[in-house]
Amino acid sequence: MITLYHVPQSRSMRVLWLLNELDVPHRLVEMPFDGSLGTEEFLTRSPAGRVPALEIEGERMFESGAMVEYLCERFPERGMGRLPGAMDRMAWLVWVHFAETVTQHVAALTQQHFVLDAGDRSAAVMRIEVAHLIQCYEAIEARLSTPVENRDYLLTGGYSAADICVGQAVYMARHFAALDGYPELAAWFERITERQSYLDALPAGDASRMFDRPFYAVPTA
Ligand SMILES: N[C@@H](CCC(=O)N[C@@H](CS)C(=O)NCC(=O)O)C(=O)O
């Protein structure tokens with residue numbers, strides 16, 4: 001059995017999206033985005049008190065990128081991974097892990113907008129973090145503009161867990177930086193989010209979601 005400890009809209013969403021795509025049975029434990037990630041019990045699953053945490057066949061894992069690699073190897077049938085020797089192997093690894101480059105800026109902006117008290121926030125820090133997100137958008141736009149036939153997805157060989165990982169990071173990033181001006185990125189995001197696996201990974205209700213509005217602008221002085 002597979003159990004995913006999940007906060008809706010957070011990094012654990014990329015593992016849920018992948019599990020849906022792999023079509024393997026799993027159990028979801030929804031965690032509130034509060035102190036409960038720091039309990040003694042949860043720290044045995046994820047020692048720094050983070051989601052996602054995963055239990056698979058009695059073993060415990062943390063780190064979303066490791067989960068994505070492991071699940072794609074363990075369940076290769078749906079072609080979400082690129083195993084050693086595969087044509088797109090290197091690019092698959094690069095883009096699966098690029099999701100964390102995007103997400104570090106999302107995490108900084110999340111902290112600025114709704115963890116810090118208003119008086120401790122910094123518009124200057126927010127502007128820097130948004131600029132870093134924009135650099136990430138430019139990198140994705142450039143990749144999707146690479147002139148190969150059918151460049152609908154990040155990899156030449158088609159849709160994969162790389163699209164899920166970067167797509168989920170962009171899902172979060174859009175709360176702080178719009179996709180306007182990045183036509184290939186916007187079209188790709190629309191393409192991958194039409195999939196049922198994505199729709200089934202969206203929060204069912206408002207209870208434990210991380211974002212309480214669609215967009216958080218940098219405050220003007
Ligand atoms: N590199 C880790 C990062 C995990 C992480 O920081 N998750 C965030 C949610 S997106 C979290 O649990 N934050 C809780 C906290 O900071 O207290 C991964 O990819 O799994």
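Colleague: Quick one before we look at the helices: what does buried mean here?
Modeller: Buried means under 20% relative accessible area, exposed over 50%, and partly exposed in between, with a 1.4 Å probe and protein chains only as cover. Bear in mind that this is a predicted model, where local features need pLDDT of at least 70, side-chain atom pairs count only at pLDDT 80 or more, and totals for chains, interfaces and linings use all residues. Residues are numbered from 1 along each chain as its sequence is written, and side-chain values use heavy atoms, leaving out hydrogens and water.

Colleague: Thanks! How many residues of α1 are buried?
Modeller: For α1, residues 12-22, 11 of its 11 residues are buried, so the helix is mostly covered. Among them are M13, W17 and N20. Helices here are DSSP runs of H or I with at least four residues, and strands are runs of E with at least two.

Colleague: And what happens just after α1?
Modeller: D23 follows, with a positive phi of about 60°.

Colleague: Switching to the ligand: which residues surround it?
Modeller: S10, R11, F33, L37, G49, R50, V51, P52, E63, S64 and E100 do, where being near takes a heavy atom within 4 Å.

Colleague: Which polar atoms does a nitrogen of the ligand meet?
Modeller: A polar side-chain atom of E63, at 2.7 Å. A polar contact is a pair of N or O atoms within 3.5 Å.

Colleague: And what about the ligand's oxygen atoms?
Modeller: One is 2.8 Å from a polar backbone atom of V51. There is also a 3.4 Å pair between a ligand oxygen and an N or O atom in the side chain of R50.

Colleague: How much of the ligand does the protein bury?
Modeller: The protein buries 76% of the 520 Å² that the ligand exposes when taken alone. Those areas come from the Shrake-Rupley method with a 1.4 Å probe.

Colleague: New topic, backbone oddities. Is the peptide bond from V51 to P52 cis or trans?
Modeller: That bond is cis, with omega near 5°. P52 belongs to the loop between α2 (40-43) and β3 (53-56), and P52 is also one of the residues around the ligand.

Colleague: What is the phi of E63 like?
Modeller: E63 has a positive phi of about 80° without being a glycine. Its place is the loop between β4 (59-62) and α3 (64-74).

Colleague: What about Q9?
Modeller: Q9 is not a glycine either, and its phi is positive, about 80°. You'll find Q9 in the loop between β1 (2-6) and α1.

Colleague: Why does Q9 count as buried?
Modeller: Because its relative accessibility is 2%.

Colleague: Why flag these spots at all?
Modeller: Most residues other than glycine have a negative phi, and most peptide bonds are trans.

Conventions
A polar contact is a pair of N or O atoms within 3.5 Å; within protein, one must be able to donate a hydrogen and the other to accept it, and residues adjacent in sequence count only if both atoms are side-chain atoms.
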